[in-house]
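Me: I'm new to reading protein models. Could you walk me through this one, feature by feature?

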Amino acid sequence: MTIDPLAFMTTLENRVGLTSEDKAILKSNAEWGLQVAPEMADHFYAYLGRDAEMNAILNKTEGRIHRLRETFVQWFHEMFTGMDDWGAAYSQRRWHIGVVHVQIGIGPQHVVPAMAVVVHEVGRKLKLDSKPENLQESLGRICMIDLAFIEQAYVEVSASAVLKETGWSAALFKRLITTGAASM
Ligand code: HEM
């Protein structure tokens, strides 16, 4: 483990402004979240399937897409329930999701537009179902927190793998990156 997921969660909550009011509105709509999750999964995997590179990843192994639909529904519902009030279990789960994507080799450039699809489609569904605007805002915040976990995993996992393999100090690694970036 390279970061403390719960500490990272707390930082993100403050940064994004996820308040107890947001959590209350998400929780009170958890049933709706579960109901619409399969439809959101349809949009999500239709979007990924339209990209040849992502489609190949999705269908690489037998049953992967089927398993993914189930994990998507679970992931989507967890944004509403918060699992353990957006605590240690929630943070650990979000960190793990990030690590899985790094392991599979899905570039971060795929993850941001994929989350944008979720935000867009859930926004449309909220309007169709006449849900309040503040639910859309709360969902937007938790989606951005979940996205930040996945994106941060790329940096943390890559850096920690290099440090482990080379025995370099974190300070040396940081200096190499800064020097390298300056010459680009
Ligand atoms: C909003 C962005 C995304 C979310 C929230 C998300 C969610 C998830 C979740 C919850 C899992 C299960 C992790 C576990 O095993 O514990 C997973 C795995 C996976 N995701 Fe994503 N994902 C996202 C983006 C993507 C993208 C862009 C791709 C590109 C193809 C992708 C492909 C996969 C694959 C291949 C797995 C592993 C499936 C397996 O178990 O074989 N995901 N994702």
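Me: Let's start with the ligand. Which helix gives the largest share of the shell around the ligand?

Reply: That's α5, with six residues. One caution: this is a predicted model, where local features need pLDDT of at least 70, side-chain atom pairs count only at pLDDT 80 or more, and totals for chains, interfaces and linings use all residues. Residues are numbered from 1 along each chain as its sequence is written. Helices here are DSSP runs of H or I with at least four residues, strands are runs of E with at least two, and both are numbered from the N terminus.

Me: Which other helices supply at least two residues of that shell?

Reply: Besides α5 (64-81), you'll find α4 (52-58), α6 and α7 (108-128), each supplying at least two. A residue is near the ligand if its C-beta atom, placed from the backbone, lies within 6 Å of it. The shell has 23 residues, and Met 54, Thr 71, Trp 75, His 110 and Met 115 come nearest.

Me: How do the shell residues divide into nonpolar, polar and charged?

Reply: Ala, Val, Leu, Ile, Met, Phe, Trp, Tyr, Cys and Pro count as nonpolar, Asp, Glu, Lys and Arg as charged, and the others, Gly among them, as polar. Here that gives 15 nonpolar, five polar and three charged.

Me: Now zoom out. How many helices and strands are in the protein chain?

Reply: Nine helices and zero strands. The chain is as compact as a globular protein of its length, because its radius of gyration is 18 Å, close to the 16 Å that the globule rule gives for 184 residues. That radius is taken over C-alpha atoms, and the rule is 2.2 Å times the number of residues to the power 0.38.

Me: How do I read one helix, say α1? Which of its residues are buried?

Reply: Start with the general idea: an α-helix has 3.6 residues a turn, so residues three or four places apart point the same way. Buried means 20 or more other C-beta atoms lie within 10 Å of the residue's own, exposed means 12 or fewer, and partly exposed is in between, with C-beta atoms placed from the backbone. In α1, the buried ones are Pro 5, Met 9 and Leu 12. They cover an arc of only 70° around the axis, so they sit on the same side of α1. The arc is that of the directions from the helix axis to the C-beta atoms. Turned away from that buried side is a face with the exposed residues Ala 7, Asn 14 and Arg 15.

Me: What covers the buried residues of α1?

Reply: The cover includes α6 (88-104) and α8 (133-166). And just after α1, Gly 17 has a positive phi of about 85°.

Me: Where is Trp 86, and why does Trp 86 count as buried or exposed?

Reply: You'll find Trp 86 in the loop between α5 and α6. Trp 86 is buried because 24 other C-beta atoms lie within 10 Å. Two residues are in contact if their C-beta atoms, placed from the backbone, lie within 7 Å. Leaving aside neighbours within four places in sequence, Trp 86 is in contact with Met 9 and Lys 23.

Me: And Arg 93: buried, partly exposed or exposed?

Reply: Arg 93, in helix α6, counts as partly exposed because it has 17 C-beta neighbours inside 10 Å. Leaving aside neighbours within four places in sequence, Arg 93 is in contact with Glu 78 and Met 83.
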